[in-house]
Protein chains: 6
Amino acid sequence: MSDAKPISRFPVPEIKNLPDDVREQILAVQEKAGFVPNVFLTLAHRPAEFRAFFAYHDALMLKDTGSLTKADREMIVTATSAHNSCLYCVVAHGALLRIYAKNPLLADQVAVNHRKADITPRQRAMLDFAVKVCLDSAQVDDGDYAALHAHGFDDEDIWDIAAITAFFGLSNRMANAIGMRPNDEFYLMGRLPKK
Amino acid sequence: MSDAKPISRFPVPEIKNLPDDVREQILAVQEKAGFVPNVFLTLAHRPAEFRAFFAYHDALMLKDTGSLTKADREMIVTATSAHNSCLYCVVAHGALLRIYAKNPLLADQVAVNHRKADITPRQRAMLDFAVKVCLDSAQVDDGDYAALHAHGFDDEDIWDIAAITAFFGLSNRMANAIGMRPNDEFYLMGRLPKK
Amino acid sequence: MSDAKPISRFPVPEIKNLPDDVREQILAVQEKAGFVPNVFLTLAHRPAEFRAFFAYHDALMLKDTGSLTKADREMIVTATSAHNSCLYCVVAHGALLRIYAKNPLLADQVAVNHRKADITPRQRAMLDFAVKVCLDSAQVDDGDYAALHAHGFDDEDIWDIAAITAFFGLSNRMANAIGMRPNDEFYLMGRLPKK
Amino acid sequence: MSDAKPISRFPVPEIKNLPDDVREQILAVQEKAGFVPNVFLTLAHRPAEFRAFFAYHDALMLKDTGSLTKADREMIVTATSAHNSCLYCVVAHGALLRIYAKNPLLADQVAVNHRKADITPRQRAMLDFAVKVCLDSAQVDDGDYAALHAHGFDDEDIWDIAAITAFFGLSNRMANAIGMRPNDEFYLMGRLPKK
Amino acid sequence: MSDAKPISRFPVPEIKNLPDDVREQILAVQEKAGFVPNVFLTLAHRPAEFRAFFAYHDALMLKDTGSLTKADREMIVTATSAHNSCLYCVVAHGALLRIYAKNPLLADQVAVNHRKADITPRQRAMLDFAVKVCLDSAQVDDGDYAALHAHGFDDEDIWDIAAITAFFGLSNRMANAIGMRPNDEFYLMGRLPKK
Amino acid sequence: MSDAKPISRFPVPEIKNLPDDVREQILAVQEKAGFVPNVFLTLAHRPAEFRAFFAYHDALMLKDTGSLTKADREMIVTATSAHNSCLYCVVAHGALLRIYAKNPLLADQVAVNHRKADITPRQRAMLDFAVKVCLDSAQVDDGDYAALHAHGFDDEDIWDIAAITAFFGLSNRMANAIGMRPNDEFYLMGRLPKK
């Protein structure tokens, strides 16, 4: 398959023409991942929004407090992005989920039906809540908080679940609206045993 | 009615205890509006997310390029927040819509049914697209772009409409999940003739 | 803003040409309210239906038995009309709700999300049931009756809640189908402190 | 089968104890139909609402102007009541539809899927509009009026279609909420050739 | 009414031209029922699928183990086919339900709203589960099994309920897609007392 | 990961105890695939249904007439099974789709949002129709046939699309109801270049 397929309905800037901070952030990702995920290139069309987007992303996904593991967070992203039918996020964050969870099956399970996935009851409760915030946040009430407390989540964890869901709801809608295409590399990541 | 009602399920920081930049931003808003909108106080519970949230907000709502007026932008927020049943955003941004549009009726019209509002066909097309991005972004396709082009929107305007919708979709879900309460002041703003 | 906007897709009769009883009813309302609500003018296009409509309305909204207050009844109308996206009824009955409840915030709260409104648990149960009758009456069962009994409603109150919801479901559909426009006066009513 | 099954969750008045006008109306129906349809007995629990209900019903269903036939009107009731899952109205008005249309198959067809029924394109357009008013009246717009005009309906016919749908939406919700049971007699009416 | 109406969008084979086994199966049905149900004629257009369809049908509907009665099975078909708006199956299997249950009212009740039908609590639980499998099988979980066990269904009965629902979901989609028309004979079957 | 996870809520027969024809069919599949797909083992619990299921499957998926390629057919299964949230079929038939289409990306694309997949306009039309049959077959009408004819599908192809969708709708519901677990082997199949 060819990489010639457009990755956005909008102009994709050349890395060398980007503002220094944006360019450096992108080069750092490329260094680490071996390629530049298209979300960086496509959102760089608007540097101010790019900066806010990734600042928000990092505040939620790179924070080192709270009880959510990295795999938990990617599981939330994968499950809710599937409900929003966002190809980019299901494919890219499904890859991260496989890697962090060291489980090549989990992402596909969570994307199709989290109720049938090989997860713990605690993770099931986490995803039930995330899906509710994703699809019907107006119905969130005390009962949801109580259900999560019963699984050992504290209020800050609940904020994390809600905020990750809310942030990727933004991301899903942008990806769908601008036609963001996932890099081919993501599809296979985390599916093979580490050598 | 009393302001003693809780404005969030989470701790609300005292302004004096906030990081300098956050505190200054809040004081500046207070100076301008005469009160501190609760979205500032409630999100300040998490300064890193606060900074990203308002950076994103400002990039979309304060930008001075493109053909969307300030009233257009608030109209998008009001209409889509109503579909997400977000009390905070309907009330607060409805107030801004009344003020920017200098029209005391428009916010209620747009919140209940934008198809019956006193708006132009161009604004109707804008809101039709925003509601689609809000409720079913996976169905966005070339036809949507063509329909907006026919009303004189260019691609950058379309990004603006989608991004405002996506960002406030995040905001709506956070407000619903943390129980953010709108300030009583918003309800009446823009309803009376300027003296 | 101008009152020149059409208030119906159908001919609006002149008051002086209406049958005596219809004209008198309209003049009495005008005397009391200071203006003629458009629901009277637009439905007067069909006097026989006009008479039945207001007889039904009065039987439900002016009755002086049962435990529902006037504010309770208008709250039911406002909440369910919002689910039917009926601009006329949300605006007009939201005004009455503000007045009867002596609360300038309540109508907007109930219209956007009754679960976040400043209401009692009893009112919450009342509105939960009303919304169920509005959206999915086929699912009404013994459990709904029991839930309402637990809040002190008797069977006659339940009939009242259901009947008000059902009647305004008719009203909402007529208003939407004929393009009934709310009078500008309603938007501000009950928002300012009584002098 | 036994008629001992309750026909309402509410007390059913004895005919002899009803106000004169209500009793006479019921006896007249009994004289004509050979039995008293349960909608009369169950709504007679509230005489004021009974009077308004049947005044409205008669204004819409017994009027002799406009181009809708009696069969057309019952077809609207049957189709929309099926969408509201109202057993009483599907069974009782399905019987009337069979009789007025002199067609023993039509009611079952319209109740299950009006798009597969043996009806004219004009009736199909009529039912498409009725179902839209029933399920999503907020979306009614100029296009709906134009589509009906194209089939020879004038504006007054459109009012009739909308009003019949709206009125039986009220009736469906009341029947579902109070547990109104259709008389056994209705099920077979109009299914056998007239002797 | 005329039998000249097409019974399928596809060619309907002449019985005499069919493969022997298919022809014999059809003639046996005709012998027993007095007419050939259109599902046989229309599916015979594809003999291989015909054979598999009726083998599946017979495995589920003619089996003589398990606690589901013939009426129970037809009740499942009628209720779920109504949710799929399948005219053929509601009419044809409604007829069988009336006959097996010896109850002329039951099919119409179950088709409109099984929650209002004259059935036992056990049958209500059975239909609740069938409707869930029909509309939202991804949500089936341990709770559904427990609810059915509580009514005396064992796991094999649950398989039966699910499989009948699943099989007729196939049948409903085929009937809707190819425009399968029910025979006129079905509409009246089981409505009159046996002489 | 362990294969100790249950593959069904029901007893899974030992191959050696199965009726000869069922055992032979399973051994033949094992010979060809290198493992026994769980759909064979789990459905073998009921040999009569097993035989009908695979006869139906083979009639639709192994037929060598019509213009649908093997990849087209698996694409229909993958897309519609995703709408039914059926983990087994998305994972197993996604694997087959990758293999037949010789495209490691296609299955994930089609499962998340077929409108964003790398497919031809003809395949897009095919999937649009399949999804309509899956989700709302009652709305299928002449326009759907015309749209498919415009892409070169003939009526027999349309039957194929509908029948594959309908058959796997059955399969999806059975898999969801009995808790059928996909074999771990499927997840990686077709993702790596053939050596």
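Through which surface do the copies, chain A and chain B, meet?

1. The answer lies in the interface residues. Of those in chain B, 100% are also interface residues in chain A, so the copies meet through the same surface. The model is a predicted one, and the points below should be read with that in mind.

2. The placing of the two chains can be stated as a single operation. A turn of 180 degrees, with a shift of 0.0 Å along the axis, lays chain B on chain A with an RMSD of 0.0 Å. This is the relation of a two-fold axis. Within chain B, B:Ala52 has the C-alpha nearest the axis, at 2.5 Å from it.

3. Next, the salt bridges. Over all chains, the structure holds 90 of them. Side chains of opposite charge can pair when their charged atoms come close. Points 4 to 7 take some examples.

4. B:Asp21 and B:Arg51 form a salt bridge in which the closest N and O atoms are 2.5 Å apart. The pair links distant parts of the chain: B:Asp21 belongs to helix H1 (residues 20-33) of chain B and B:Arg51 to helix H3 (residues 47-61) of chain B, 30 residues apart. B:Asp21 has a relative accessible area of 37% and is partly exposed. B:Arg51 is also counted as partly exposed, at 36% relative accessibility.

5. A pair with buried partners is found in chain C. C:Asp160 and C:Lys63 form a salt bridge, with 2.8 Å between the closest N and O atoms. Here too distant parts of the chain are linked: C:Asp160 is in helix H9 (residues 155-178) of chain C, while C:Lys63 is in the loop between helix H3 (47-61) and helix H4 (70-83) of chain C, 97 residues apart. The cut-off for buried is under 20% relative accessible area. C:Asp160 counts as buried because its relative accessibility is 2%, and C:Lys63 counts as buried at 18%.

6. Another salt bridge joins the side chains of B:Asp184 and B:Arg181, at 3.7 Å from N to O. B:Asp184 is buried, with a relative accessible area of 15%. B:Arg181 counts as buried at 10% relative accessibility.

7. Salt bridges can also be followed from chain A to chain B. One network of salt bridges links A:Arg46 and A:Glu49 with B:Lys63, B:Glu156 and B:Asp160.

8. How many cavities of 30 Å³ or more does the structure hold? There are three. The largest cavity has a volume of about 40 Å³. Its lining consists of D:Lys116 from chain D, together with E:Cys86, E:Leu87, E:Tyr88, E:Ala175, E:Asn176 and E:Met180 from chain E. Two elements of chain E, helix H5 (87-101) and helix H9 (155-178), give two or more residues to this lining. By type, the lining residues of the largest cavity are five nonpolar, one polar and one charged.

9. A last residue to look at is E:Arg181, in the segment after H9 of chain E. At 10% relative accessibility, E:Arg181 counts as buried. Leaving aside residues up to four places away in sequence, E:Arg181 touches D:Leu105, D:Gln109 and D:Asp118 in chain D, and E:Lys5, E:Pro6, E:Ile7, E:Asn38 and E:Tyr88 in chain E. One of these contacts, E:Tyr88, is also among the residues that line the largest cavity.

Definitions and conventions:
Residues are numbered from 1 along each chain as its sequence is written. Chains are lettered from A and ligands numbered from 1 in the order in which they are written. This is a predicted model: local features need pLDDT of at least 70, side-chain atom pairs count only at pLDDT 80 or more; totals for chains, interfaces and linings use all residues. Side-chain values use heavy atoms; hydrogens and water are left out. Copies are superposed by least squares on the C-alpha atoms of residues with pLDDT of at least 70 in both. Contact means heavy atoms within 4.5 Å. On a 1 Å grid over the protein atoms alone, a cavity is a set of points where a 1.4 Å probe fits but cannot get out, and a pocket is an open set with protein on both sides within 12 Å along at least five of seven lines; lining residues have an atom within 4 Å of a point. Grid points are joined across faces, edges and corners, and a volume is the space filled by probe spheres set on the points. Helices (H or I, at least four residues) and strands (E, at least two) are DSSP runs, numbered from the N terminus. Ala, Val, Leu, Ile, Met, Phe, Trp, Tyr, Cys and Pro count as nonpolar, Asp, Glu, Lys and Arg as charged, and the others, Gly among them, as polar. A salt bridge is a side-chain nitrogen of Lys or Arg within 4 Å of a carboxyl oxygen of Asp or Glu. Buried means under 20% relative accessible area, exposed over 50%, partly exposed in between (1.4 Å probe, protein chains only).
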